[in-house]
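Colleague: I should be grateful for a short introduction to this model, taken up point by point.

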Amino acid sequence: MNAPFKFETGHSAPPLDTPTPDDLTIIPRDRRFGRDEGTVQVRWWHGGNPYATAFYNALSTTFPKGEAFFIESVKAHRDGASPKLAEEIRAFTMQEIMHTREHVAFNRRVTDAGYDISFLDKQVDDILALVRERPPIINLAATMALEHFTAILARELLENPAHLEGADAESAELWRWHAVEEIEHKGVAYDTWLHATRDWSRWQRWKLKSLMMLVVTWRFIPERMTGMYDLLRQDGLTGWRAKAKMLRYAFAGPGMFRKIALPWVAYFLPGFHPWNADERHLIGAYISGAEAAA
């Protein structure tokens, strides 16, 4: 995992002038969670709350295939990247590979707890089949939008401890580890987009990225909610009351989807870049906490 890993980029472009911090180091942290603890075999692993459990289980089912798509989309546009961007793509790739591995293991524990996630898997397969019919630059635009989604979800998760309050320790640590690395590499897909579209006008860039974010949002949140309802159905929680409680968890309290609304809007502003919001203090807090625990 720590062996040299180089990309052949051909003639390198000059470094991009972006808000990505010059001293940012993207660090693939090779960690494993819940292998021996029996976590998530407890059906409602998130504090005995079926709605909190369904929320995170439904998100996790999207990650393995989704992150493989992100890697594919970014690597398709790495040729000619500056050495700095090429190194960031390398580190991004390694982080996403390990996120995939850990969410495959997490999802296996979800199924061990008795859930059938085939419906949620099919949701992901259907959207990926649709997207892969599009040109590679469209795939990169979709990846960029989804990476912004994961970054703002990660920020909210780390800033507000209420989101993981009551969750078993191993599962909570998995989500925090993933969130930190999503923030750390949040600019890679965007900088790759700027590199790939360096000959486009600002209007062309804004038009496509904004349209893609609208399409992604239209699919992402409704399909995740539908997946959550399916998991609740398997718990015998059906009808309008169950749906209302799930909506309340997602949008009211703790309200993850509501609380990412403003950073979602920021994506459409002129001059947007993920690193316009410098969240390295969240990375530092995580590292300090891990060192203290060690």
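The questions and answers below concern confidence, the core, the helices and selected contacts.

Colleague: What is the mean pLDDT of the chain?

Modeller: This is a predicted model, in which local features need pLDDT of at least 70, side-chain atom pairs count only at pLDDT 80 or more, and totals for chains, interfaces and linings use all residues. Residues are numbered from 1 along each chain as its sequence is written, and side-chain values use heavy atoms, with hydrogens and water left out. The pLDDT, which is the predictor's confidence in each residue from 0 to 100, reaches 70 or more for 92% of the residues, and its mean over the chain is 92.

Colleague: Over which residues does pLDDT stay under 50?

Modeller: The stretch concerned has 19 contacts in the model beyond four places in sequence, a contact being heavy atoms within 4.5 Å. The pLDDT stays under 50 over residues 1-10.

Colleague: Which helix gives the most to the largest nonpolar core?

Modeller: A nonpolar core is a set of buried Ala, Val, Leu, Ile, Met, Phe, Trp, Tyr and Cys residues joined through side-chain atoms within 4.5 Å; buried means under 20% relative accessible area, exposed over 50%, and partly exposed in between, with a 1.4 Å probe and protein chains only. The largest such core has 83 residues, and those with the most contacts inside it are F55, Y56, W175, M246 and F257. Helices are DSSP runs of H or I with at least four residues, numbered from the N terminus. With 14 residues, the greatest contribution to this core comes from helix α4 (residues 136-159).

Colleague: Which residues does Y56 touch?

Modeller: Y56 is among the residues with the most contacts inside the largest core. Leaving out residues up to four places away in sequence, Y56 touches W45, H46, L157, H163, L164, W175, Y249 and M256.

Colleague: How many of the residues of α2 are buried?

Modeller: The expected span of a helix is 1.5 Å times one less than its number of residues. For α2 this gives 44 Å, in agreement with the 44 Å between its end C-alpha atoms. Helix α2 is largely enclosed by the rest of the structure, because the buried residues number 21 of the 30.

Colleague: Which residue has a side-chain oxygen that reaches the backbone nitrogen of E170 at the start of α5?

Modeller: Helix α5 has 16 residues and spans 23 Å from its first C-alpha to its last, close to the expected 22 Å. Of these residues 13 are buried, so α5 is largely enclosed by the rest of the structure. At its start, the backbone nitrogen of E170 lies within 3.2 Å of a side-chain oxygen of D168.

Colleague: Is E173, which meets R31 in a salt bridge, buried or exposed?

Modeller: A salt bridge is a side-chain nitrogen of Lys or Arg within 4 Å of a carboxyl oxygen of Asp or Glu, and the N to O distance between R31 and E173 is 2.9 Å. The pair links distant parts of the chain, with E173 in helix α5 and R31 in the segment before α1, 142 residues apart. R31 is partly exposed at 29% relative accessible area. For E173 the value is 17%, so this residue counts as buried.

Colleague: How many residues apart are D235 and R43?

Modeller: The side chains of D235 and R43 meet in a salt bridge of 2.6 Å, N to O. D235 is buried at 18% relative accessible area, whereas R43 is partly exposed at 25%. D235 lies in the loop between α7 and α8, and R43 in the segment before α1; the two are separated along the chain by 192 residues.

Colleague: In which helix do D126 and K122 lie?

Modeller: The side chains of D126 and K122 form a salt bridge of 2.8 Å, N to O. They are four residues apart, about one turn of the helix, and both lie in helix α3 (residues 118-131).

Colleague: Which side chain does R29 join in a polar contact of 2.8 Å?

Modeller: R29 is in the segment before α1 and is buried, with a relative accessible area of 13%. Beyond its neighbours within four places in sequence, R29 is in contact with residues including Q95, M98 and W177. The partner in the 2.8 Å polar contact is E184.

Definitions and conventions:
Polar contact = N/O pair within 3.5 Å; in protein donor to acceptor, adjacent residues only side chain to side chain.
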